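Work through these exercises with the structure in view. Try each task before you read its solution.

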Amino acid sequence: QALERMLEDGMIESGVRRFGCEQEMFLVNQAWRPAPVAMEVLERLDGEAFTTELARFNLEVNLEPMMLGGTCFSALHESIEELLGMVREAASEVGATVVLTGILPTLGKSDLTLDNISPVPRYHALNESLTRMRGGAYRLQLEGHDELQIEHDSVMLEACNSSCQVHLQVDAADFAAMYNMAQAMIGPVLAAAVNSPILFGKRLWAETRIALFRQSLDTRSTSVHLREFSPRVRFGDRWVKESVTELFEEDIAQFRVLLAEETVEDPFEQLAAGDIPRLRALQLHNSTVYRWNRPCYGISEGNPHLRIECRALPSGPTVLDEVANAAFWIGLVLGSQSEYGDITERLSFDAAKYNFLTASRQGLNAGFRWLDGESVTAPKLILETLIPLAQSGLEAYVDRSEIDKYLGVIRDRVESGRTGSDWMMRSLSEMKDRGTRSERMTALTAAIADRQLEAKPCHEWALARLAEAGGWTQNHIKVEHYMTTQLFTVQED
């Protein structure tokens with residue numbers, strides 16, 4: 001209600017186009033396996049930019065918001081590299097290093113115990129609330145090249161995910177149109193950005209994070225009644241008609257509060273006193289409902305504002321690739337409005353949702369249901385329509401050299417068909433059945449870490465080689481690492 005009052009009174013900042021980024025990462029040890037040393041690394045880092053994630057082998061870096069203009073993408077690129085360099089230096093002091101990838105190939109189920117949850121009250125409270133609401137084991141069922149079916153006893157499955165989240169500030173009056181455009185465009189953007197094809201050694205979706213994140217935080221239980229239950233991780237169910245409050249109202253109505261604080265401000269008292277309310281309760285609830293394009297309220301330099309947070313893009317393969325993905329998404333959200341007007345009149349919501357899921361499964365092999373009922377392949381749509389559209393969206397803000405550099409990465413990646421997921425799958429295919437599965441996963445992880453330091457975009461990477469696994473001393477640490485036997489159950493008779 002307070003947010004509605006602020007919208008009615010025109011208090012939300014307008015005419016300002018900021019963007020920002022949250023960079024998540026994995027910490028690995030010298031054997032290229034998850035290193036639960038995040039707290040030790042954070043002790044060696046100064047600044048509010050560095051923070052915990054759910055697991056002790058993850059870290060997050062929050063970039064300062066910047067104005068969209070000039071050479072802003074190069075500035076973002078340099079800032080991420082600088083902060084990553086600081087993390088790498090701190091991690092090296094405790095025998096660890098950083099890997100940017102959507103899902104770490106060497107991650108095992110044995111890494112996901114509660115011993116490895118970050119010692120932060122919020123994460124323990126989240127685990128307790130979600131586990132209690134779920135009323136049973138966390139079940140994961142995924143099918144791609146291989147099939148994966150497992151159960152787990154905590155929310156730690158979510159720690160398998162690492163993303164590069166992009167924020168874009170939008171005016172309140174334009175929010176509905178811009179949010180709908182973000183929803184329509186995220187499928188094609190993701191198709192070009194997929195980087196997470198492997199989980200627990202199984203080859204699954206091109207962007208397995210999407211299914212994994214949804215299932216790992218799903219609190220729904222089965223019911224004898226035919227009722228609609230919405231997952232907390234969601235694309236959504238309908239276009240936004242008029243205001244951001246539609247999304248918040250829907251989430252408050254459908255999802256129970258998981259986290260609360262001791263004291264809650266009275267936003268109407270603050271408004272009456274001429275102060276800007278933080279709307280902390282709304283923000284806290286919003287942080288436990290995981291829309292792939294999430295609406296955000298915040299305060300920057302004393303001014304309340306609205307943002308769209310794109311949560312679907314994976315971490316890696318390189319910072320250059322990540323910034324290119326961000327530029328592509330931002331350019332499309334800005335450029336599509338003038339080109340298409342009201343997207344909801346030309347594209348059904350079901351089609352936008354279908355495009356997102358098929359991109360997650362198939363990457364650049366996806367076929368999309370596009371405007372006015374057209375069917376089109378992902379590469380054709382991106383190369384012929386969307387890159388020029390993103391270019392026109394950025395031209396009003398950003399230097400031409402920036403557009404050419406970062407959208408050029410997208411163009412070259414799509415033309416070659418070599419996404420991060422494609423690189424991993426081709427690397428595994430090249431290794432064939434040499435070595436154990438553990439050695440192949442180690443070789444992939446070592447190669448990712450090595451190639452990231454070269455700073456070439458992933459479509460220029462040489463394939464991973466088994467020799468990069470480092471031999472038996474690196475790989476034969478646990479029984480699961482050197483087992484080659486496939487386990488299965490036979491009937492008693």
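**Exercise 1. The core**

Which residues have the most contacts inside the largest nonpolar core?

Solution. Note that the model is a predicted one. Start with the core as a whole: the largest nonpolar core has 165 residues. Next, pick out those with the most contacts inside it: Phe 73, Val 87, Leu 199, Phe 328, Trp 329 and Ile 330. Then ask where the core draws its largest share. Helix H5 (residues 175-193) supplies that share, with 14 residues. As background, nonpolar side chains in soluble globular proteins tend to be buried together.

**Exercise 2. Around Leu 199**

List the residues that Leu 199 touches, not counting residues up to four places away in sequence.

Solution. Take Leu 199, one of the residues with the most contacts inside the core. Leave out residues up to four places away in sequence. What remains is Ile 103, Leu 140, Leu 142, Leu 148, Cys 160, Leu 204, Thr 208 and Leu 212.

**Exercise 3. Two accessibilities**

Decide for Asn 58 and for Glu 242: buried or exposed?

Solution. Begin with Asn 58, which lies in strand E3 (residues 58-62). Its relative accessibility is 3%. Buried means under 20%, so Asn 58 counts as buried. Now look at the residues around Asn 58. Beyond four places in sequence, Asn 58 touches Met 25, Phe 26, Ala 38, Glu 53 and Ala 159.

Turn to Glu 242. Find it in the loop between strand E11 (233-234) and helix H7 (245-254). Its relative accessibility is 66%. Exposed means over 50%, so Glu 242 counts as exposed. Last, check a distance: the C-alpha atoms of Glu 242 and Ser 216 are separated by 32 Å, and the two residues are 26 apart along the chain.

**Exercise 4. The whole chain**

Does the radius of gyration of the protein chain agree or disagree with that of a compact globule?

Solution. Count first: the chain has 493 residues. A compact globule of that length would have a radius of gyration near 23 Å. The protein chain has 22 Å, which agrees. Add the box: the C-alpha atoms fill roughly 70 × 50 × 50 Å along the principal axes. Add the elements: 17 helices and 16 strands. Buried residues make up 57% of the chain.

Finish with contacts. Consider those between residues at least 6 apart in sequence. Of these, 74% join residues at least 24 apart.

Technical notes:
Residues are numbered from 1 along each chain as its sequence is written. This is a predicted model: local features need pLDDT of at least 70, side-chain atom pairs count only at pLDDT 80 or more; totals for chains, interfaces and linings use all residues. Side-chain values use heavy atoms; hydrogens and water are left out. Helices (H or I, at least four residues) and strands (E, at least two) are DSSP runs, numbered from the N terminus. The radius of gyration is taken over C-alpha atoms; the globule rule is 2.2 Å times the number of residues to the power 0.38. Buried means under 20% relative accessible area, exposed over 50%, partly exposed in between (1.4 Å probe, protein chains only). Contact means heavy atoms within 4.5 Å. A nonpolar core is a set of buried Ala, Val, Leu, Ile, Met, Phe, Trp, Tyr and Cys residues joined through side-chain atoms within 4.5 Å.
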